[in-house]
Amino acid sequence: MRIDPDKCMGCMECADFCPVECIHERDGQGVIDENECVECGVCLRADVCPNDALFMPEESLRYPRLVRAQFSDPGVSHPATNQAGRGTEEMKTNDVTGRFRRGEFGMALEFGRPGIGTRLTEIEKVLQALMAMQVELEENNPVFGLVADMRTGALKPEVRNEKVLSAILEFKIRQERLEDIVQRLTPVLADVDTVVSWGLATRFAEDGSLPVLSRLDALGVPARPNGKVNMGMGRPIVEP
Amino acid sequence: MSHSLHRHGTRDQLQRDYTFYARTSRYVNREGCGPKLRRILAILLEETRINNFGSSHAGKSYAAGLKPEEYALTLDKAYGVAACFSENDAVRSVLAKLKEADTGISIVVSGLIDEIAAMAKDLGLTPHTVFLSLGVHGKKALLPEDRVLEITTMCGHGQVATRLTKAVVERVKAGKMTPEAGAHLLAQPCPCGIFNTTRCAAILKASPQGASGGRGR
């Protein structure tokens, strides 16, 4: 995003709307720090500029910078998945896709959330660690399209320093690997230069219980009381 | 993904915050989903206690001016229909009607897991899969205080800014804005219709002095 200096009156009405706080006042005008801007477009859509000084420059729509909007504006589609959104259907449609079966856990690491943003280098650090752990990465996730080398987890060099509001690594493990993966992953996450919201998808047991909860407690990563529940109303149902 | 998963708040607050998502699968049932999603939208709108609705594909939420008839026109080949509620009973009523309608579209409800499971049991539903939040990791010193996160995390795409939230908290505290007007303003950037304006107004009403302080904790 950019502010047209010929139009900006310096009212700074737009600044409060910026999720990554990159709109500053300089010499009586608003200026966007383009290195920090994630191209989410929130400031523009807020429609608070009395002079229409905010605009999306052509450079923002050119690769590799275009990656920023793809991960930060929920209305922009990803070329890798041909749909908007940072992730996938994950467990939302698991009753009809069977993506996560009994005996498996799905995991999602969302970098930059809540509300901080992340450089893609932070994702690369964790992706490389995950490759060493030999987890099953979700190929339909938009981050997958940015990977240069699947053996090492290295991202394409031109995108590494791009900044996005958030991006997700999704993978699957066998349930018996939970302790090993959590114990190896926790110190890696502690070392990243942003925040990471961590999610785990699992089937309910046949009696309706969630045996994973006590294992997570023992690992020191307890689940919060709120989550997302697939109500089992999709048809035809996979693995009832 | 997971845009309704990591909502921050106390158990007491979360008892009055439910999101609903009817989600098509691109691999199974998106083709020809329009009539089914419109039926689901109609059921949602029959429930007068609906707080908000929308979807990123529609570009804005009800709180930002999305009209039901305008929304209904966007539902052919759509990802789905999202909404939020503050009352457990309202969600229960919607689920009972959806069970009867039997559209075959996947339904996801976010909120307190034990309460949703109990609701499902009462209705004779068998929950299939759960997405658990294991909290925030990494550089947590970057985060604002809890009261701000309780509001901003109601937009899972991170479109509601910390600075805007703090500004609204200050305006409400100064008596320059009602909590309801503040909640309406904060709902504008979230296009998905899962920003719960009733919960937000309650948080703004309860904001103590100092709730809008700086980053770091």
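**Exercise 1. Determine how much of the contact network of chain B joins residues 24 or more positions apart, and set this beside its burial and surface.**

Solution. Step one takes the contacts of chain B with a separation of 6 or more, and residues 24 or more positions apart account for 74% of them, where a contact means heavy atoms within 4.5 Å. This is a predicted model, in which local features need pLDDT of at least 70 and side-chain atom pairs count only at pLDDT 80 or more, while totals for chains, interfaces and linings use all residues. Residues are numbered from 1 along each chain as its sequence is written, chains are lettered from A and ligands numbered from 1 in the order in which they are written, and side-chain values use heavy atoms, with hydrogens and water left out.

Step two turns to burial: of the 217 residues in chain B, 62% are buried, that is, under 20% relative accessible area, with exposed meaning over 50% and partly exposed in between (1.4 Å probe, protein chains only). Step three adds the accessible surface, which for chain B comes to about 8000 Å², with 53% of it belonging to carbon and sulfur atoms; such areas come from the Shrake-Rupley method with a 1.4 Å probe, and for residues only the protein chains shown count as cover.

**Exercise 2. Describe the order of helices and strands in chain B and explain why the chain can be called as compact as a globular protein of its length.**

Solution. Chain B contains 9 helices and 5 strands, where helices (H or I, at least four residues) and strands (E, at least two) are DSSP runs numbered from the N terminus. Read along the sequence, they follow the pattern α-β-α-β-α-β-α-β-α-β-α-α-α-α. The radius of gyration of chain B is 17 Å, close to the 17 Å that the globule rule gives for 217 residues, so the chain is as compact as a globular protein of that length; the radius is taken over C-alpha atoms, and the rule is 2.2 Å times the number of residues to the power 0.38. Along its principal axes, the C-alpha trace of chain B spans about 50 × 35 × 30 Å.

**Exercise 3. Locate strand 1 of chain B among its partners and explain why it is described as largely enclosed.**

Solution. The starting point is an open sheet of 10 strands in the order 9(A)-13(A)-7(A)-14(A)-5(B)-15(A)-4(B)-1(B)-3(B)-2(B), with antiparallel pairing; two strands pair if DSSP finds at least two bridges between them. Its edge strands, each of which pairs on one side only, are strand 9 (136–137) of chain A and strand 2 (50–54) of chain B.

Next come the neighbours of strand 1 (residues 18–23) of chain B, which is joined by 5 bridges to the antiparallel strand 4 (residues 106–112) of chain B. Strand 1 of chain B also pairs over 6 bridges, again in the antiparallel sense, with strand 3 (residues 80–85) of chain B. B:Ala22 stands opposite B:Ile107 in strand 4 of chain B and opposite B:Val81 in strand 3 of chain B, whereas B:Phe20 has B:Val109 as its bridge partner in strand 4 of chain B.

Finally, B:Tyr18, B:Phe20 and B:Ala22 point one way from the strand and B:Thr19, B:Tyr21 and B:Arg23 the other way, and all are buried. Since 6 of the 6 residues of strand 1 of chain B are buried, the strand is largely enclosed by the rest of the structure.

**Exercise 4. Work out the surroundings of A:Gly30, from its strand to the residues that it touches.**

Solution. A:Gly30 lies in strand 3 of chain A, which is joined by 4 bridges to the antiparallel strand 2 (residues 23–26) of chain A. These two strands form a hairpin with 2 residues between them, and A:Asp27 in the turn has a positive phi of about 50°. Across the pair, the bridge partner of A:Glu25 is A:Gly30.

The side chains of strand 3 (residues 29–32) of chain A alternate, so that A:Gly30 and A:Ile32 point to one face and are buried, while A:Gln29 and A:Val31 point to the other and are not. A:Gly30 itself has a relative accessible area of 8%. Leaving out residues up to four places away in sequence, A:Gly30 touches A:Ile3, A:Cys8, A:Gly10, A:Met12 and A:His24.
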